[in-house]
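Colleague: I'm new to this one, so could you take me through a single part of it slowly? I'd like a close look at the side chains packed inside and the aromatic rings among them, and then whatever helps me place them.

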Amino acid sequence: MKKFAWLGTALLVFLLMGCSSSSSPDTVQGLGKEEAGQIATAAVRQYYQVDVDTTDREITLEDPANSVYRGVPVHAILKREPVNGDVHGFHAIIEPRSKQILSLSIDVIGINGEIATKTMTEADLEKTASDFIRSKNLLAANSFQLVKASDAHSNDAKRYFYYTDGLNDVAIGVDPGLKQVVTFTYD
């Protein structure tokens, strides 16, 4: 009978361990949480002119061996309830050796994005995306071109514009409610 009690207890412990959320590794491919958070914070400041810090955020890293990403994904999410205008989270994909940002996005809490979406024209959305590329030198300034845009009627709150300069490709996400670029990713 003691064997069954011990076996039942062990089974319960293993079951509970399996149900608990897995924690983020502290280091992935030589890139630590603190360093990744600092790189992402600096990139948000550089690309979006928004000051964020990591003191009230949970920083998590993903192992790219378990995903489709080329670099190490890092996420910084507020530990408190966000209010209007807060950057709820920011997300980056960092190449661990060069520390280069391959992708960067911010999640800003807005008022009613759906109403604002109707006030921003397709031309304004595309201009916002192309101006961002020029101002941040994401592609060769004189030779990039729009390849395609996401469907205006998609369920996604962001509109995506895909550009190339012949050597590099970049996807730009514009939030029509905020009237700003909130994500970019090199393909």
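Modeller: Here is a walk through the core, its rings, and then the charged pairs. Keep in mind that this is a predicted model.

Let's start with the core. The largest nonpolar core has 39 residues. Those with the most contacts inside it are Y48, L104, L138, Y163, V170, I172 and F184. Helix 2, which covers residues 33-48, gives the most to this core, with seven residues.

Now for the rings. The count of aromatic pairs comes to five. One of them joins F132 and F184: the ring centres are 6.0 Å apart and the planes sit at 45°, so this pair is tilted. F132 lies in helix 4 (residues 122-136) and F184 in strand 10 (residues 180-186), so the pair ties together parts that are 52 residues apart in sequence. Are these two rings buried or exposed? F132 has a relative accessibility of 8%, so it counts as buried. F184 comes out at 0%, so F184 is buried too.

F184 also pairs with Y186. Here the ring centres are 6.2 Å apart and the planes are at 90°, so the pair is edge-to-face. With 18% relative accessibility, Y186 counts as buried, because the cut-off is under 20%. Step back a little and you'll find that ring pairs link Y47, Y48, F132, F184 and Y186 into a cluster. Two names in that cluster, Y48 and F184, should ring a bell, as both are listed with the most contacts inside the core.

While you're looking at helix 2, find T41, which is placed there. T41 is buried, with a relative accessible area of 9%. Leaving aside residues up to four places away in sequence, T41 touches V52, D53, T54 and F90.

There is one more ring to look at, this time with a charge over it. The charged end of K148 sits over the ring of Y162, 5.1 Å from the ring's centre.

That brings us to the charged pairs. How many salt bridges are there? The count comes to nine. In one of them, the side chains of D26 and K33 meet at 3.7 Å, N to O. D26 is exposed, with a relative accessible area of 57%, while K33 is partly exposed at 23%. K33 is also where helix 2 begins, since that helix runs over residues 33-48.

Next, try R80 and D86, whose closest N and O atoms are 2.9 Å apart in a salt bridge. R80 is partly exposed, with 40% relative accessible area, whereas D86 is buried, at 16%. This bridge has company: D56, R80 and D86 are linked in a network of salt bridges.

R97 and E95 make another bridge, their side chains meeting at 3.4 Å, N to O. R97 is exposed, with a relative accessible area of 70%, but E95, at 16%, counts as buried.

If you want one place to begin on screen, go to F184. F184 is buried, it belongs to the cluster of ring pairs, and it is among the residues with the most contacts inside the largest nonpolar core.

Definitions and conventions: Residues numbered from 1 in each chain as written. Predicted model: local features only at pLDDT ≥ 70, side-chain atom pairs only at ≥ 80, totals over all residues. Heavy atoms only, no water. Core = buried A, V, L, I, M, F, W, Y, C linked by side-chain atoms within 4.5 Å. Buried < 20%, exposed > 50% of the residue type's maximum accessible area, 1.4 Å probe, protein only. Helix = DSSP H or I, 4+ residues; strand = E, 2+ residues; numbered from the N terminus. Salt bridge = Lys/Arg side-chain N within 4 Å of Asp/Glu carboxyl O. Contact = heavy atoms within 4.5 Å. Phe/Tyr/Trp six-rings, centres within 6.5 Å; stacked < 30°, edge-to-face > 60°. Lys NZ or Arg CZ within 6 Å of the ring centre and 35° of its normal.
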